[in-house]
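Visitor: I would like to learn how to read the packing of helices and the pairing of charged side chains in a model such as this one. Could you take me through it step by step?

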Amino acid sequence: MGFHHAQHATSLNQSLSELNGDINVSFEFFPPSTPEMEKLLWNSIRRLEPLNPKFVSVTYGANSGVRDRTHGVIERIQKETDLVAAPHLTLVDASDEELKELAKHYWNSGIRDIVALRGDLPEGSPKPTRFANDLVSLLRSVADFDISVAAYPEVHPDASNAQSDLIHLKKKIDAGANRAITQFFFDVESYLRFRDRCAAAGIDAEIVPGILPVTNFNQTKRFAAMTNVSIPSWLHRQFEGLEDDPTTRQMVGANVAIDMVKVLSREGVKDFHFYTLNRAELTYAICHTLGVRPGK
């Protein structure tokens, strides 16, 4: 048993070493709300910029203050870096005409990539009548954007069942989305099963795994509870007793994420999207392991 495991580990490491940089990565950031958070964000952007990601996305809140900060970060990325900036865009609290005007503004500003989402509904909102596939169609009516949409290996919290969720994803792809990026997950098998189900449903777009490097396990548990993501018992055990030990948490978090990308790369995954939470350290280490390095 031990020999078999050693062979498997060697095989995974060998397959990683043979990638020769044949990996695409993208990074997600969120707009800062304080000067300290702004400094952290830009330090992270500068740290990850030399890795030449496919694009970097910036999340988008429903209220106007957060939206303005999103636009500000996107514009600064455009002006001060060589990165491809991809703003998130949602249907929440915006009419079709407002969205079209914003899309035109982005296109005229040189933005070609957008992450199109329905958006989280404010508490007490009526049942939605517009969905992400409607936003994809709207964007396609404005210009030839490169559009990413969301996918949920463990089913969207609002979906009635897994089949219904898959139908919604297909609608988004059929409306013109270029790829789907998954919600973060820790059960690699759930992603692989979901990818197979997408293929069986006729979804031929790439299903990019979203990877969340864990630095704060309690925060991750809160995110997971909101997004219907299961936390395996082994992950609880990994972080048990580390509440006051951030250094060890970082090492454990890096190890968990690196193990995930090792298995996924062996399963043919060539694109990874990292939820950085505006911190670069773990994402940089994982990319280094994948062979994504400055100058390549």
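Guide: We will go from the overall make-up to helix packing, and then to buried positions and salt bridges. Please keep in mind throughout that this is a predicted model.

Visitor: What does the secondary structure of the protein chain come to, and what share of the residues is buried?

Guide: The protein chain has 11 helices and eight strands, and of its 296 residues 49% are buried. If one takes the contacts between residues at least 6 apart in sequence, 79% of them join residues at least 24 apart.

Visitor: How does one describe two packed helices?

Guide: Two packed helices are described by the angle between their axes together with the distance between those axes. In this model, helix 7 (residues 188–200) and helix 10 (residues 246–266) have axes that come within 10 Å and cross at roughly 30 degrees. Angles under 35 degrees count as roughly parallel, and helix 7 and helix 10 are therefore roughly parallel to each other. The crossing of helix 7 with helix 10 is right-handed. On the side of helix 7 the contact is made by Val188, Tyr191 and Leu192, while helix 10 contributes Met260, Val263 and Leu264; by class, these residues are six nonpolar, no polar and no charged.

Visitor: At what angle do helix 10 and helix 11 pack, and which residues meet there?

Guide: Helix 10 and helix 11 (residues 281–290) pack at an angle of about 40 degrees, their axes being 10 Å apart, and this crossing is right-handed. From helix 10, Gln250, Gly253, Ala254, Ala257, Ile258 and Val261 take part, and they meet Glu281, Leu282, Ile286, Thr289 and Leu290 of helix 11. The contact of helix 10 with helix 11 divides into seven nonpolar, three polar and one charged residues.

Visitor: Which residues of helix 5 are buried, and what covers them?

Guide: In helix 5 (residues 132–142) the buried residues are Ala132, Asn133, Leu135, Val136, Leu138 and Leu139. Their cover includes strand 3 (85–90), strand 4 (113–117) and strand 5 (146–151), as well as helix 4 (96–108) and helix 6 (162–174).

Visitor: How many salt bridges are there, and which residues are linked in a network?

Guide: The count comes to 12 salt bridges, and a network of them links Glu38, Arg46, Glu49, Arg76 and Glu80. Within this network, arginine 76 pairs with glutamate 38, with the closest N and O atoms 3.5 Å apart. That pair links distant parts of the chain, since arginine 76 belongs to helix 3 (residues 64–80) and glutamate 38 to helix 2 (residues 35–48), 38 residues apart. Arginine 76 also forms a salt bridge with glutamate 80, where the closest N and O atoms are 3.0 Å apart.

Visitor: How far apart in helix 3 are glutamate 80 and arginine 76?

Guide: The general idea is that an α-helix has 3.6 residues a turn, so residues three or four places apart point the same way. Glutamate 80 and arginine 76 are four residues apart in helix 3, about one turn of the helix.

Visitor: Are these charged residues buried, exposed or partly exposed, and which of them is which?

Guide: Partly exposed is the class between 20% and 50% relative accessible area. Arginine 76 has 29% and counts as partly exposed, glutamate 38 is partly exposed at 36%, and glutamate 80 is partly exposed at 40%. In another salt bridge, arginine 193 meets aspartate 187 at 3.9 Å, N to O; arginine 193 is partly exposed at 47%, and aspartate 187 is partly exposed at 27%.

Note on methods: Residues numbered from 1 in each chain as written. Predicted model: local features only at pLDDT ≥ 70, side-chain atom pairs only at ≥ 80, totals over all residues. Heavy atoms only, no water. Axes fitted to C-alpha atoms, helices over the stretch in contact; angles between N-to-C directions. Helix = DSSP H or I, 4+ residues; strand = E, 2+ residues; numbered from the N terminus. Parallel < 35°, antiparallel > 145°, perpendicular 65-115°, else oblique. Left-handed = near helix turned anticlockwise from the far one by under 90°. Contact = heavy atoms within 4.5 Å. Nonpolar A, V, L, I, M, F, W, Y, C, P; charged D, E, K, R; others polar. Salt bridge = Lys/Arg side-chain N within 4 Å of Asp/Glu carboxyl O. Buried < 20%, exposed > 50% of the residue type's maximum accessible area, 1.4 Å probe, protein only.
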